[in-house]
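Please follow the chain from a single residue outward, through a helix and its neighbours, and then to the chain as a whole.

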Amino acid sequence: QPSTVSNERHETGDRKPETLVSRLKSPVSSPVPDSGQLTAYDMERVLDVRGKRVTVVGLARSGAAACRLLVSRGARVTGSDHHPAEKIQADLDDLRKRGVKVELGQHRPETFLQADLIVVSPGVDSDLPLLHKARSQGVRIWSEVELAFRATEAPFIAVTGTNGKSTTTTLIGLMIERAGREAVVAGNIGTALSDVVGGLSRKH
């Protein structure tokens with residue numbers, strides 16, 4: 001299949017190469033029907049955490065952003081980080097003022113096991129024993145990126161892998177803008193995704 005970031009194409013006579021930019025300039029269907037009714041997929045994506053107990057694991061840039069997003073959506077948020085306060089760059093006082101309960105120095109089992117949802121920041125070990133135990137007891141666990149994805153109707157292009165992620169992501173953002181569309185480049189590339197989703201829409 002053709003690569004989405006190259007000039008590769010199917011040969012059809014004199015047809016010109018179809019690049020990502022030319023594809024992006026073509027009309028695309030909206031992820032939400034014109035009727036305004038949500039599909040089963042859209043319903044699964046909708047973020048409704050009002051009154052839910054949500055634990056955010058890791059309070060670096062993305063974790064702090066997740067806390068702010070969750071609080072803005074009405075969740076009861078606890079931020080947990082095994083580092084002491086002096087090693088955390090996030091504005092802990094700001095999080096506390098927003099209503100986030102901050103737990104530092106160690107992860108408390110009850111904070112994980114009594115949660116309705118756990119959001120894991122990038123860089124946190126996914127093999128953390130408490131995460132395994134919470135998952136085995138039916139607690140839903142999302143990454144910070146999944147949390148942000150569920151908080152907006154905007155379409156996403158996700159980039160993952162071992163090497164070249166930042167370069168590829170930046171290139172895709174520039175190509176989308178060159179095609180005349182709005183693009184926001186975020187994630188583990190300098191700006192936490194949870195910090196920008198509030199300003200996104202289906203037009204992006």
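Serine 121 is buried in this predicted model, since its relative accessible area is 6%, where the cut-off for a buried residue is under 20%. Serine 121 sits in the loop between S4 and H6, and, leaving aside residues up to four places away in sequence, its contacts are with Val56, Val57, Gly58, Ser62 and Gly63. With serine 62 the distance can be given between C-alpha atoms as well: 6.0 Å separates those of serine 121 and serine 62, although their positions lie 59 residues apart along the chain.

Helix H3, which spans residues 61-72, holds alanine 66, and serine 72 is in helix H3 too. Is alanine 66 buried or exposed? Alanine 66 counts as buried because its relative accessibility is 1%, and, again without residues up to four places away in sequence, alanine 66 touches Val56, Val119, Glu144, Leu147 and Ser194. Val56 is thus named among the contacts of alanine 66 and also among those of serine 121. The C-alpha atoms of alanine 66 and valine 77 are 9.6 Å apart, with a separation of 11 residues along the chain. Serine 72, by contrast, counts as exposed because its relative accessibility is 54%, the cut-off for that class being over 50%. From the C-alpha atom of serine 72 to that of arginine 50 the distance is 9.3 Å, and these two residues are 22 apart along the chain.

Beyond the loop that holds serine 121 comes H6, a helix made of residues 129-136, in which Leu130, Leu131 and Ala134 are buried. These three residues lie on the same side of H6 because they cover an arc of only 100 degrees around the axis. Pro129 and Ser136, on the other side of H6, are exposed. What do the buried residues of H6 pack against? Their partners are helix H5 (109-113), strand S4 (117-120) and strand S5 (140-143). Just after H6, glycine 138 adopts a positive phi of about 90 degrees.

The open space in the model can be considered next. Rolling a probe the size of a water molecule over the atoms reveals where empty space remains. The second largest pocket contains about 320 Å³ of space, and of the 20 residues that line this pocket, Gly58, Leu59, Ala60, Asp81 and His83 are the closest to its centre. Gly58, one of these residues, is also one of the contacts of serine 121. Sorted by class, the lining of the second largest pocket is made up of 8 nonpolar, 8 polar and 4 charged residues.

These local views belong to a chain with 8 helices and 5 strands, whose elements, read from the N terminus, follow the order α-α-β-α-β-α-β-α-β-α-β-α-α. The chain has 204 residues, of which 35% count as buried, alanine 66 and serine 121 being among the buried residues described above. Its exposed surface comes to about 12500 Å², with 48% of that area supplied by carbon and sulfur atoms. When contacts between residues at least 6 apart in sequence are taken together, 54% of them join residues at least 24 apart, and the pair of serine 121 and Ser62, which are in contact and 59 residues apart along the chain, is one of these.

Key
Residues numbered from 1 in each chain as written. Predicted model: local features only at pLDDT ≥ 70, side-chain atom pairs only at ≥ 80, totals over all residues. Heavy atoms only, no water. 1 Å grid on protein atoms, 1.4 Å probe; cavity = no way out; pocket = protein on both sides within 12 Å on 5 of 7 lines; lining within 4 Å. Points joined across faces, edges and corners; volume = space filled by probe spheres on them. Nonpolar A, V, L, I, M, F, W, Y, C, P; charged D, E, K, R; others polar. Helix = DSSP H or I, 4+ residues; strand = E, 2+ residues; numbered from the N terminus. Buried < 20%, exposed > 50% of the residue type's maximum accessible area, 1.4 Å probe, protein only. Contact = heavy atoms within 4.5 Å. Areas by Shrake-Rupley, 256 points an atom, 1.4 Å probe, with all protein chains shown as cover. Arc of directions from axis to C-beta.
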